[in-house]
Amino acid sequence: MGKWTPGDLCPQCDPMTGKPARIEYSVRISPRAKRVTLKFSPPGELVVVIPRGFKKERIAALIEERRTWIEKAFSKVLTSEATKEDVIPAAGFFLPSIGRSFVLEESNVLPRIRALAEEYIVPMGWNIADETGRRPGKFSIRNQKSLWGSCSSKNMINLNQKLLFLEPHLVRYVILHELCHIEHRDHSTRFWTSLRDLDPFCLTHRRELRSAQWTIPAWAY
Ligand SMILES: [Zn+2]
């Protein structure tokens with residue numbers, strides 16, 4: 001993707017929706033398969049099973065052909081995962097990012113999550129910024145529907161309050177990702193090289209992040 005114009009936000013910092021512009025998938029070759037099949041295993045991760053001898057170059061076109069079906073299936077996974085946890089547990093909810101449980105109430109759950117993110121995620125951001133020597137103008141917490149984070153042309157970084165529901169290494173990945181946008185305002189090879197210097201497993205973390213979105217409880221949206 002190309003550069004974005006000043007004033008815009010990074011258009012594609014790890015979208016959280018089930019409708020990514022590019023559909024991510026892994027490929028499995030099955031000696032027993034007679035034709036190509038698509039499945040979601042684990043939920044939220046698309047696996048393309050191909051018969052032996054099937055040309056991998058043909059997969060991209062095949063995915064495009066079935067895009068509508070895939071997007072529908074993605075959103076079905078999201079709904080079924082979400083309904084499992086649509087009630088806030090009274091005994092407290094464990095937030096992996098900070099390794100602690102908190103009692104949350106339905107009446108003010110979103111402001112409370114935001115306050116917790118201000119209290120814990122923003123300082124994490126500054127610590128990581130100090131560590132890397134890349135300092136943004138500001139870290140702000142938002143409840144974005146479709147982005148984990150974004151970095152404006154003035155180097156203002158927005159972080160999604162739902163990061164609280166992720167493991168610490170994924171929160172770190174998102175923060176490092178946005179800090180790298182201070183220097184590289186695109187997702188070019190140079191961007192990924194600079195991110196890999198800070199997080200050697202950034203591509204694995206990016207993949208993990210895509211599956212992690214399905215674990216966020218419905219009441220956090
Ligand atoms: Zn980005």
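Biologist: In which sense do β2 and strand β3 pair?
Modeller: This is a predicted model. Strand β3 spans residues 46–51. Four bridges join β3 to β2. The sense of that pairing is antiparallel.

Biologist: Which residue stands opposite F40?
Modeller: F40 falls in β2, which covers 37–40. Its partner sits in β3. That partner is L46.

Biologist: What is the strand order in the open sheet that holds β1, β2 and β3?
Modeller: The pairing in this three-stranded sheet is mixed. β1 (25–30) and β2 (37–40) each pair on one side only, as edge strands. The twist from one strand to the next averages 30°. With those edges, the order is β1-β3-β2.

Biologist: How many helices and strands does the chain have?
Modeller: From the N terminus, the elements run β-β-β-α-α-β-β-α-β-β-β-α-α-α. Tallied by type, that is six helices and eight strands.

Biologist: Over which residues is the pLDDT below 50?
Modeller: The chain average is 84, and 83% of the residues score at least 70. One stretch falls below 50 and has 13 contacts beyond near neighbours in sequence. Where pLDDT is low, predicted coordinates should not be read in detail. The stretch is residues 1–9.

Biologist: Which are the edge strands of the sheet with β6, β7 and β8?
Modeller: This is another open sheet of three strands with mixed pairing. Its order is β6-β8-β7. Neighbouring strands are turned by 20° against each other on average, direction ignored. The strands that pair on one side only are β6 (138–142) and β7 (149–151).

Biologist: Parallel or antiparallel: how do β6 and β8 pair?
Modeller: Strand β8 covers residues 156–160, and five bridges join it to β6. Along the pair, I141 stands opposite L159. R142 stands opposite N160. The sense is parallel.

Biologist: Which side chains of β6 are buried?
Modeller: The side chains alternate along this strand. K138, S140 and R142 point to one face and are not buried. The other face carries the buried pair, F139 and I141.

Biologist: Which helix lies across β6 and β8?
Modeller: Two helices can be placed against strands of this sheet. Helix α4 (168–180) lies across β7 and β8, at about 15° to β7. The helix across β6 and β8 covers residues 109–132 and runs at about 150° to β6. That helix is α3.

Biologist: Which element gives the largest share of the largest nonpolar core?
Modeller: This core has 26 residues. Elements that give two or more residues to it are α3, β6, β8, α4 and α6 (202–212). One of them contributes eight residues, the largest share. That element is α4.

Biologist: Which residues does L159 touch, leaving out those up to four places away in sequence?
Modeller: L159 is among the residues with the most contacts inside the largest core, as are I121 and V174. Both I121 and V174 are touched by L159. So is I141, which stands opposite L159 across the strand pair. The full set is I121, G125, F139, I141, G149 and V174.

Biologist: What share of the residues is buried?
Modeller: Nonpolar side chains tend to be buried together in soluble globular proteins. Burial here counts residues with 20 or more other C-beta atoms within 10 Å. The chain has 221 residues, and the buried share is 24%.

Methods: Residues numbered from 1 in each chain as written. Predicted model: local features only at pLDDT ≥ 70, side-chain atom pairs only at ≥ 80, totals over all residues. Pairing = 2+ DSSP bridges. Axes fitted to C-alpha atoms, helices over the stretch in contact; angles between N-to-C directions. pLDDT = per-residue confidence, 0-100. Contact = placed C-beta atoms within 7 Å. Core = buried A, V, L, I, M, F, W, Y, C linked by C-beta atoms within 7 Å. Buried ≥ 20, exposed ≤ 12 C-beta atoms within 10 Å, placed from the backbone.
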